[in-house]
Amino acid sequence: MHINFQRLDHIQICIPKGQEPLARTFYLGILGLTEIEKPAYMRKNGGFWLLIGDIQLHIGTEDQIHPSKRHPAFEIEQFKQVKTYLLEQQVRIREDRPIPGFQRFSIFDPFDNRIELLGQI
């Protein structure tokens, strides 16, 4: 059987339970993402949902957060200006080696979730 994947619907990353206010400050305030309505039956689980491009970013909650190499990567416009802005906002940045056709760096939310940002060269 061949599975015909249509598109990426959402990505979920996790934060510690009860840390939604700090996460909203980062994701809505600093990154400027838009919060979208989470279905009522799922709200009891904590967390919240965002729109990033045409993909949903689900911020879930867990009792314990474990460091990992897992991360989403997003291509952005105005690469240098975005990087400057994030540094001004004191967002932790890690320089990453360029890959063919792209410059890149990673940012970290207050809970050490890594998000890679790429800009076309």
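**Exercise 1. In which sense, and over how many bridges, do strand 3 and strand 4 pair?**

Basis. The model is predicted: local features need pLDDT of at least 70, side-chain atom pairs count only at pLDDT 80 or more, and totals for chains, interfaces and linings use all residues. Residues are numbered from 1 along each chain as its sequence is written, and side-chain values use heavy atoms, with hydrogens and water left out.

Step 1. Fix the terms. Helices (H or I, at least four residues) and strands (E, at least two) are DSSP runs, numbered from the N terminus. Two strands pair if DSSP finds at least two bridges between them.

Step 2. Read the pairing. Strand 3 and strand 4 are antiparallel, with five bridges. One of the partner pairs is Leu-50 with Leu-57 in strand 4.

Step 3. Inspect the connection. The two strands form a hairpin with two residues between them, and Gly-53 in the turn has a positive phi of about 65 degrees.

**Exercise 2. Place the four strands in their sheet.**

Step 1. Write the order. The sheet is open, runs 1-4-3-2 and has mixed pairing. Strand 1 (10-16) and strand 2 (34-36) are the edge strands, each pairing on one side only.

Step 2. Assign the remaining pairings. Strand 1 pairs with strand 4 in the parallel sense over seven bridges; His-10 has Gln-56 of strand 4 as its bridge partner. Strand 2 and strand 3 (residues 48-52) are antiparallel over three bridges, and Thr-34 stands opposite Leu-51 in strand 3.

**Exercise 3. Find the face of helix 1 that is buried, and what it packs against.**

Step 1. Locate the helix. Helix 1 (residues 20-30) packs on the sheet and touches strand 1, strand 2, strand 3 and strand 4 (55-62), where contact means heavy atoms within 4.5 Å.

Step 2. List the buried residues (under 20% relative accessible area; exposed is over 50%, partly exposed in between; 1.4 Å probe, protein chains only). In helix 1 they are Glu-20, Ala-23, Phe-26, Tyr-27 and Ile-30.

Step 3. Look down the axis. The buried residues of helix 1 fall within an arc of 165 degrees (taken from the directions from the helix axis to the C-beta atoms), so they line one face of the helix. The face turned away from this buried side carries the exposed residues Pro-21 and Gly-29.

Step 4. Name the partners. The buried residues of helix 1 pack against strand 1, strand 3, strand 4, helix 2 (79-88), strand 7 (102-108) and strand 8 (114-120).

**Exercise 4. Which residues touch the most other members of the largest nonpolar core?**

Step 1. Define the core: a set of buried Ala, Val, Leu, Ile, Met, Phe, Trp, Tyr and Cys residues joined through side-chain atoms within 4.5 Å.

Step 2. Read the result. The core has 23 residues, and Tyr-27, Leu-57, Ile-59 and Ile-107 touch the most other members. Helix 1 gives the most to this core, with four residues.

Step 3. Expand one member. Not counting residues up to four places away in sequence, Tyr-27 touches Leu-50, Leu-57, Ile-59 and Ile-115, among others.

**Exercise 5. Is His-58 buried or exposed?**

Step 1. Place the residue. His-58 lies in strand 4, a strand in which six of eight residues are buried.

Step 2. Apply the cut-off. The relative accessible area of His-58 is 5%, so the residue is buried.

Step 3. List its contacts. Leaving aside neighbours within four places in sequence, His-58 is in contact with His-10, Ile-11, Gln-12, Ile-13, Phe-48 and Trp-49.

Note on methods: Axes are lines fitted to C-alpha atoms, for helices over the stretch in contact, and angles run from 0 to 180 degrees between N-to-C directions.
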